Amino acid sequence: MRLLDAVVIGGGLAGLHAAGEIARAGLGCVCLAGASPGGLLLSIESVQDVPGHPDGIPGYDLGPMAMEAAMDAGCEVRGEQAVAIASCADATGPWTVTTEAGEVLQARALVLATGSRLRRLAVPGEHTFTGKGVSHCASCDAPLLRGQAVAVVGGGDAACQEALTLAAHGCRVLMLLRGTSWRARPAWRERVEAAPAIELLRGAQVAAIVGDDIVRGVRLEDGRSLAVAAVFVYIGLAPDLALLAAGPGQPMRLALDGSGRVPVDAGRRTALRGLYAAGTLRAGHDGQAATSIADGLAAAAAVRHDVMTGGWPTVAPAADSSLDSQVPA
Ligand SMILES: Cc1cc2nc3c(=O)[nH]c(=O)nc-3n(C[C@H](O)[C@H](O)[C@H](O)COP(=O)(O)OP(=O)(O)OC[C@H]3O[C@@H](n4cnc5c(N)ncnc54)[C@H](O)[C@@H]3O)c2cc1C
């Protein structure tokens with residue numbers, strides 16, 4: 001079994017930045033990045049609000065750039081999934097990580113950066129028509145939908161961004177807002193409201209997605225039917241905590257906060273010795289790419305401190321805390 005200073009799980013911005021910074025400190029590090037380096041941003045045409053890129057940068061550039069930087073720093077980045085993690089019985093020794101190939105790695109520090117999945121609507125038709133008109137990737141499908149009416153469900157920044165992408169590709173976009181107000185930041189709202197190809201429908205709660213071989217429309221809770229060729233769902237993120245469950249269908253090994261995310265201290269340390277949580281799975285994350293980058297760097301600094309001093313803090317973050325500076329970084 002191979003003993004490493006650190007293993008990072010996750011190939012989004014948090015994981016790749018943590019991995020690069022840990023390797024840069026001279027520590028032995030493997031990053032299990034899964035199949036898609038870049039994570040959620042991989043398909044985004046222009047990622048906004050990333051420091052150093054005032055005009056935006058494609059997500060399909062940002063992810064691979066972070067991966068190359070981590071590799072250049074000496075981290076072994078693998079396009080593999082982790083399938084299980086375990087701490088030793090008395091919680092003082094290294095963590096073990098089992099890869100999808102069945103290899104077992106041991107690590108003094110384990111950074112969990114598995115991010116989030118897009119939430120599903122959970123209405124009839126959503127599962128049936130996934131890949132047949134129900135999509136989470138505007139830039140992938142927009143070129144095929146030019147001139148057609150499509151629905152974007154959601155009222156956050158991501159929904160606005162992807163509605164604008166679809167409009168830029170010549171789609172007529174119906175943006176369906178569940179309530180009368182929406183979560184998107186003012187800059188996104190203004191751009192959406194100024195786009196002639198985007199129509200906002202407030203109080204539009206989707207009851208079902210309908211079609212035959214492919215999507216033909218949506219039915220709303222109030223009985224209205226809308227004819228659309230595709231439905232893009234951006235109703236928020238659900239943290240991917242599968243590795244934290246003690247087993248299939250078993251409870252989490254860590255107490256989570258009220259939003260179902262992992263409480264951490266300022267060094268992104270969890271309540272479990274040697275386990276760090278960076279990125280959108282941790283409590284208090286604002287959903288922004290820059291915050292995931294910052295998380296990766298903060299976790300790396302704490303890993304470096306803890307591995308080099310061997311002195312893991314004993315004060316754990318409480319379930320209702322996030323970024324409490326209870327522990328020196
Ligand atoms: C449509 C959309 C548009 C957005 N646009 C912007 C924007 O313009 N600007 C902005 O600041 N933010 C934007 N965001 C938010 C941004 O995507 C996230 O804040 C950021 O990408 C999160 O990075 P992360 O590393 O925390 O997680 P993720 O990107 O979710 O990465 C997690 C990674 O872990 C991997 N993983 C999961 N489980 C395992 C496992 N068991 N083994 C190995 N790997 C695993 C996943 O495959 C993934 O690669 C957008 C989000 C969406 C959905």
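# Exercises on a two-domain chain with a ligand

The protein chain is divided into domain 1 (2-118 + 237-309) and domain 2 (134-233). The model is predicted.

## Exercise 1: The whole chain

Task: Describe the secondary structure, extent and packing of the protein chain.

Solution.
- Step 1. Count the elements. The protein chain has 6 helices and 17 strands.
- Step 2. Check the compactness. The radius of gyration is 21 Å, close to the 20 Å that the globule rule gives for 329 residues, so the protein chain is as compact as a globular protein of that length.
- Step 3. Take the extent. The C-alpha trace spans about 60 × 40 × 40 Å along its principal axes.
- Step 4. Look at burial. Of the 329 residues, 44% are buried.
- Step 5. Look at the contacts with a separation of 6 or more. Residues 24 or more positions apart account for 66% of them.

## Exercise 2: Two domains

Task: Find how far apart the C-alpha centres of domain 1 and domain 2 lie, and how many residues of each are in contact with the other.

Solution.
- Step 1. Take the centres. They lie 32 Å apart.
- Step 2. Count the contacting residues. Domain 1 brings 4 residues and domain 2 brings 6.
- Step 3. Sort the domain 1 side by class. The side that touches domain 2 has 2 nonpolar, 1 polar and 1 charged residues.

## Exercise 3: Around the ligand

Task: State how many residues surround the ligand, and which are the closest.

Solution.
- Step 1. Count the shell. It holds 38 residues.
- Step 2. Name the closest. These are Gly 12, Gly 34, Gly 39, Gly 115 and Gly 279.
- Step 3. Sort the shell by class. It divides into 17 nonpolar, 18 polar and 3 charged residues.
- Step 4. Find the elements. Helix 1 (13-24), strand 7 (116-118), helix 4 (157-168) and helix 6 (289-309) each supply at least two residues of the shell.
- Step 5. Find the domains. The shell draws at least three residues from each of domain 1 and domain 2.

## Exercise 4: Strand 6 and its partners

Task: Determine which strands are joined to strand 6 by bridges, and in which direction each pair runs.

Solution.
- Step 1. Start with strand 1. It runs parallel to strand 6, and 7 bridges join the two. Ala 6 stands opposite Ala 109 in strand 6.
- Step 2. Go to strand 5 (residues 95-99). It runs antiparallel to strand 6, with 4 bridges. Thr 96 stands opposite Gln 106 in strand 6.
- Step 3. Inspect the connection. Strand 5 and strand 6 form a hairpin with 4 residues between them. Gly 102 in the turn has a positive phi of about 90°.
- Step 4. Add strand 17 (residues 275-277). It runs parallel to strand 6, with 3 bridges. Leu 110 has Leu 275 in strand 17 as its bridge partner.
- Step 5. Judge the surroundings. In strand 6 (residues 104-112), 7 of the 9 residues are buried, so this strand is largely enclosed by the rest of the structure.

## Exercise 5: Two faces of strand 2

Task: Decide whether the faces of strand 2 (residues 29-32) are covered or uncovered.

Solution.
- Step 1. Recall the general pattern. In a regular strand, side chains alternate between the two faces of the sheet.
- Step 2. Take one side. Cys 29 and Cys 31 are buried there.
- Step 3. Take the other side. Val 30 and Leu 32 are buried too, and both faces are covered.
- Step 4. Find a partner. Strand 1 (residues 2-9) runs parallel to strand 2, and 4 bridges join them. Ala 6 has Cys 29 in strand 2 as its bridge partner.

## Exercise 6: An open sheet and its edge

Task: Give the order of the strands in the 5-stranded open sheet, and explain which strands stand at the edges.

Solution.
- Step 1. Read the order. It is 8-15-9-10-11, with parallel pairing.
- Step 2. Find the edges. Strand 8 (134-135) and strand 11 (198-201) each have a single partner strand, so one side of each is left without a neighbour in the sheet.
- Step 3. Take a pair from the sheet. Strand 9 (residues 149-153) and strand 15 (residues 231-233) are joined by 3 bridges. Val 152 has Phe 232 in strand 15 as its bridge partner.
- Step 4. Return to strand 8. Val 134 lies in it. With 25 other C-beta atoms within 10 Å, Val 134 is buried. Its contacts beyond four places in sequence include Phe 129, Ile 209 and Val 233.
- Step 5. Step back to Gly 133. This residue lies in the loop between strand 7 and strand 8. Gly 133 is buried, with 24 other C-beta atoms within 10 Å.
- Step 6. Compare sequence and space. Gly 133 and Gly 211 are 78 residues apart in sequence and 9.2 Å apart in space, C-alpha to C-alpha.

Conventions:
Residues are numbered from 1 along each chain as its sequence is written. This is a predicted model: local features need pLDDT of at least 70, side-chain atom pairs count only at pLDDT 80 or more; totals for chains, interfaces and linings use all residues. Two strands pair if DSSP finds at least two bridges between them. The radius of gyration is taken over C-alpha atoms; the globule rule is 2.2 Å times the number of residues to the power 0.38. A residue is buried if 20 or more other C-beta atoms lie within 10 Å of its own, exposed if 12 or fewer, and partly exposed in between; C-beta atoms are placed from the backbone. Two residues are in contact if their C-beta atoms, placed from the backbone, lie within 7 Å. A residue is near a molecule or strand if its C-beta atom, placed from the backbone, lies within 6 Å of it. Ala, Val, Leu, Ile, Met, Phe, Trp, Tyr, Cys and Pro count as nonpolar, Asp, Glu, Lys and Arg as charged, and the others, Gly among them, as polar. Domain bounds come from an automatic or database domain assignment.
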